[in-house]
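Welcome, and thanks for opening the viewer. Could you walk me through this structure, one selection after another?

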Amino acid sequence: MPTSHTLADPHALPIPRPSVRTGSRPTLTDRFLAFDAEHPYVYRALERMTADRLAGGATRVGLKALFEDLRRQLPAGVRGLNNNFTALYARKLIEDHPHWAPAFELRRRRTP
C-alpha cells in the first residue's frame with residue numbers, strides 16, 4: 001500500500017494488494033489480506049461494532065479497543081487476530097464507509 005494519501009482527497013485510501021516481491025517474506029499487507037479472506041466475520045464484527053458505537057453517540061472509534069472487545073467475543077480457537085492489523089482494518093472500514101472517516105485517526109504507513 002502506498003504510504004500517503006493524495007492531496008486532492010485527504011480521506012482517499014490505498015487499496016491493499018498482495019506483494020509482488022518473489023521469494024520474500026509475506027508483508028504485513030499480505031498477512032492481513034490472507035487473514036481477512038480466511039476470517040471475513042472479523043471484519044463484519046468490527047463493522048457492526050463501529051456502527052454501534054457511532055450510533056451510540058461516539059465521535060471517535062479506536063480499533064485497538066474494538067480488537068480487545070472482539071477477542072472476548074470470538075471462539076477460543078480463533079488465532080491470528082494480530083494488533084498489527086488494526087490500521088488496515090480501519091482503512092478498510094473507511095474505504096467501505098467513507099462517512100466514518102472522521103471517527104478514525106490514521107497515520108502514514110511506514111511498512112508494506
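Are Phe35 and Phe85 buried or exposed? Select the two together: both Phe35 and Phe85 are buried. Keep in mind as you look around that this is a predicted model.

**Stop 1: the rings around Phe85**

Leave Phe85 on screen and add Phe32. Phe32 is buried, as is Phe85. Five aromatic pairs are found in the structure. In the one formed by Phe32 and Phe85, the ring centres lie 5.7 Å apart and the planes meet at 70°, so this pair is edge-to-face. Colour the chain by position and you can see that the pair joins distant parts of it: Phe32 belongs to helix α1, while Phe85 lies in the loop between α3 and α4, 53 residues apart.

Now bring Phe35 back. Phe35 also forms an aromatic pair with Phe85, and this one is tilted, with 5.5 Å from centre to centre and 40° between the planes. Here too, distant parts of the chain are linked: Phe35 is in helix α1 and Phe85 in the loop between α3 and α4, 50 residues apart.

To see the wider group, select Phe32, Phe35, Tyr43, Phe67, Phe85 and Tyr89. Ring pairs connect these residues into a cluster.

**Stop 2: Lys92**

Keep Tyr43 from that cluster and add Lys92. The charged end of Lys92 sits over the Tyr43 ring, 4.4 Å from the ring's centre.

Next, show Asp36. Side chains of opposite charge can pair when their charged atoms come close. Lys92 and Asp36 form a salt bridge, in which the closest N and O atoms are 2.4 Å apart. This pair also links distant parts of the chain, with Lys92 in helix α4 and Asp36 in helix α1, 56 residues apart. How do the two partners sit? Lys92 is partly exposed, at a relative accessible area of 22%, whereas Asp36 is buried, at 11%.

**Stop 3: helix α3**

Select residues 63–73, which make up helix α3. Its buried residues are Leu63, Leu66, Phe67, Asp69 and Leu70. Turn the view to look down the axis of α3: the buried residues fall within an arc of 165°, so they line one face of the helix. What covers them? Show α2 (40–55) and α4 (86–96), which are among the parts that cover the buried residues of α3.

**Stop 4: salt bridges on α3**

Six salt bridges are found in the whole structure. For one of them, select Asp69 and Arg53, whose side chains meet at 2.2 Å, N to O. The pair links distant parts of the chain, Asp69 in helix α3 and Arg53 in helix α2, 16 residues apart. Arg53 counts as partly exposed, with 30% relative accessibility. Add Arg72 to the selection, and you have a network of salt bridges linking Arg53, Asp69 and Arg72.

Stay on α3 and pick Arg71 and Glu68. Their salt bridge has its closest N and O atoms 2.7 Å apart. The two are three residues apart in helix α3, which means they are separated by about one helical turn. Arg71 counts as partly exposed at 31% relative accessibility, and Glu68 counts as partly exposed at 35%.

**Last stop: helix α4**

Finish with α4. Which of its residues are buried? Select Thr86, Leu88, Tyr89, Ala90, Arg91, Leu93 and Ile94 to see them. Then switch on α1 (28–38), α2 and α3, against which the buried residues of α4 pack.

Key
Residues numbered from 1 in each chain as written. Predicted model: local features only at pLDDT ≥ 70, side-chain atom pairs only at ≥ 80, totals over all residues. Heavy atoms only, no water. Buried < 20%, exposed > 50% of the residue type's maximum accessible area, 1.4 Å probe, protein only. Helix = DSSP H or I, 4+ residues; strand = E, 2+ residues; numbered from the N terminus. Arc of directions from axis to C-beta. Contact = heavy atoms within 4.5 Å. Phe/Tyr/Trp six-rings, centres within 6.5 Å; stacked < 30°, edge-to-face > 60°. Lys NZ or Arg CZ within 6 Å of the ring centre and 35° of its normal. Salt bridge = Lys/Arg side-chain N within 4 Å of Asp/Glu carboxyl O.
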